[in-house]
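Biologist: I have a model open on my screen and I'd like to learn how to read it. Could you walk me through it, one feature at a time?

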Amino acid sequence: MRAVVFDFFGTLTDPGVEAGRRDAAFATAAALGVPPEAFWTAMASSFTERITGRHGDTRATLAEMARRCGEEPSGARLDAAVAAHHQGSVPLWRPRPGVLGVLAGLRGRGLRLGVLSDCGAELCQGWDGTAYAPLIDATVFSWQERARKPSPRLYATIAERLGVAPGECWYVGDGGSREHQGARDTGMRPVLVTNAGYPGAAAHRDDPDSFTPPDAVDDLTDLPALLETGR
Ligand SMILES: [Mg+2]
């Protein structure tokens, strides 16, 4: 095995911050001038559209969400909402305790590291400024690729960007988006992160996996030992 491909949210990030999504959305709604519950519903029901870039960038996407709430926001409202949305996104990227050390250690073993994430425009734009960026060799973001997991093209693309064959990749994720099914179908070896120490984390996963990998760890910090034994 020559590479490890990671899911982002709930895998590299701290699962404990997922509960903050609703408050972040409410702050965006307030800036946009739309009812918070209606905005939350519009965001939830448009997840696939948003993460595959169907509405364009953050500004265009928020304008569409406002329309679905029955509002036509002014330019100034949209500017404020974009700023609020970016501000609300950053805390959701907080690294899981110990994760940066794990990534550095895996790189030290000579493994190539990739991230394959179902995400909106905000992470694509903010990625280079994150603490993860210097430790990750290649990324594939659904918003940029206009496709979401478990699209086989995304798995093939991350392997290609890492310069390895899919069969040489571990795929590590907390489940959701049928990501492990996609990894297995593409020839990667999937590892589930159960997040056993974070009760309620599963509630934030979209489209849970139909396939549970035989390889599993409770926390990402347990991953290096599993990869060592499974080489
Ligand atoms: Mg995840």
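Modeller: Let's start with a backbone angle: Gly163, just after H9, takes a positive phi of about 75°. A word on the labels: helices (H or I, at least four residues) and strands (E, at least two) are DSSP runs, numbered from the N terminus. Keep in mind that this is a predicted model, where local features need pLDDT of at least 70 and side-chain atom pairs count only at pLDDT 80 or more, while totals for chains, interfaces and linings use all residues. Residues are numbered from 1 along each chain as its sequence is written, and side-chain values use heavy atoms, with hydrogens and water left out.

Biologist: Which residues of H9 are buried?

Modeller: Buried means under 20% relative accessible area, exposed means over 50%, and partly exposed is in between (1.4 Å probe, protein chains only). In H9, which covers residues 152-162, the buried ones are Leu154, Tyr155, Thr157, Ile158, Ala159 and Leu162.

Biologist: And what do the buried residues of H9 pack against?

Modeller: For packing, think of contact as heavy atoms within 4.5 Å. The buried residues of H9 pack against four strands by name: E1 (3-6), E2 (112-117), E3 (138-141) and E4 (169-173). Helices H8 (142-145) and H10 (179-186) are packing partners of these H9 residues too.

Biologist: Where is Pro150, and what kind of peptide bond joins Lys149 to it?

Modeller: Pro150 is in the loop between H8 and H9. The bond between Lys149 and Pro150 is cis, with omega at about 10°.

Biologist: Back to phi. Which value does Ser177 have, and is Ser177 buried or exposed?

Modeller: Ser177 has a phi near 60°, which is positive in a residue other than glycine. Find Ser177 in the loop between E4 and H10; its relative accessibility is 9%, so Ser177 counts as buried. Now look at Asn195, another non-glycine residue with a positive phi, near 55°. Asn195 lies in the loop between E5 and strand E6 (215-217), and its 3% relative accessibility makes it buried as well.

Biologist: What about Pro208: buried or exposed?

Modeller: Exposed, because its relative accessibility is 56%. Pro208 is in the loop between E5 and E6. Setting aside neighbours within four places in sequence, Pro208 is in contact with Gly176 and Arg178. Try a distance here too: Pro208 and Ala24 are 184 residues apart in sequence and 23 Å apart in space, C-alpha to C-alpha.

Biologist: Now a strand. Which residues does Val191 touch?

Modeller: Val191 is in E5, residues 189-193, and is buried, with a relative accessible area of 0%. Leaving out residues up to four places away in sequence, Val191 touches a list that includes Trp170, Tyr171, Val172, His180, Pro213, Val217 and Leu226. Leu227 is 36 residues from Val191 along the chain, with 9.5 Å between their C-alpha atoms.

Biologist: Which residues does Thr58 touch?

Modeller: Thr58 belongs to H4, residues 58-68, and counts as buried at 3% relative accessibility. Not counting residues up to four places away in sequence, Thr58 touches Val82, His85, His86, Ala121 and Glu122. The C-alpha atoms of Thr58 and Ala81, 23 residues apart along the chain, are separated by 9.2 Å.

Biologist: Let's zoom out. How many helices and strands does the protein chain have?

Modeller: The protein chain has 11 helices and six strands. Its radius of gyration is 18 Å, close to the 17 Å from the globule rule for 231 residues, so the chain is as compact as a globular protein of that length. That radius is taken over C-alpha atoms, and the rule is 2.2 Å times the number of residues to the power 0.38. Along its principal axes, the C-alpha trace spans about 55 × 35 × 35 Å.

Biologist: What share of the residues is buried?

Modeller: Buried residues make up 54% of the 231 in the chain. Also, of the contacts between residues at least 6 apart in sequence, 68% join residues at least 24 apart.

Biologist: Last one: how is the chain divided into domains?

Modeller: Domain 1 is 3-17 + 93-229 and domain 2 is 18-91, with bounds from an automatic or database domain assignment. The C-alpha centres of domain 1 and domain 2 lie 26 Å apart, and 22 residues of domain 1 are in contact with 19 residues of domain 2.
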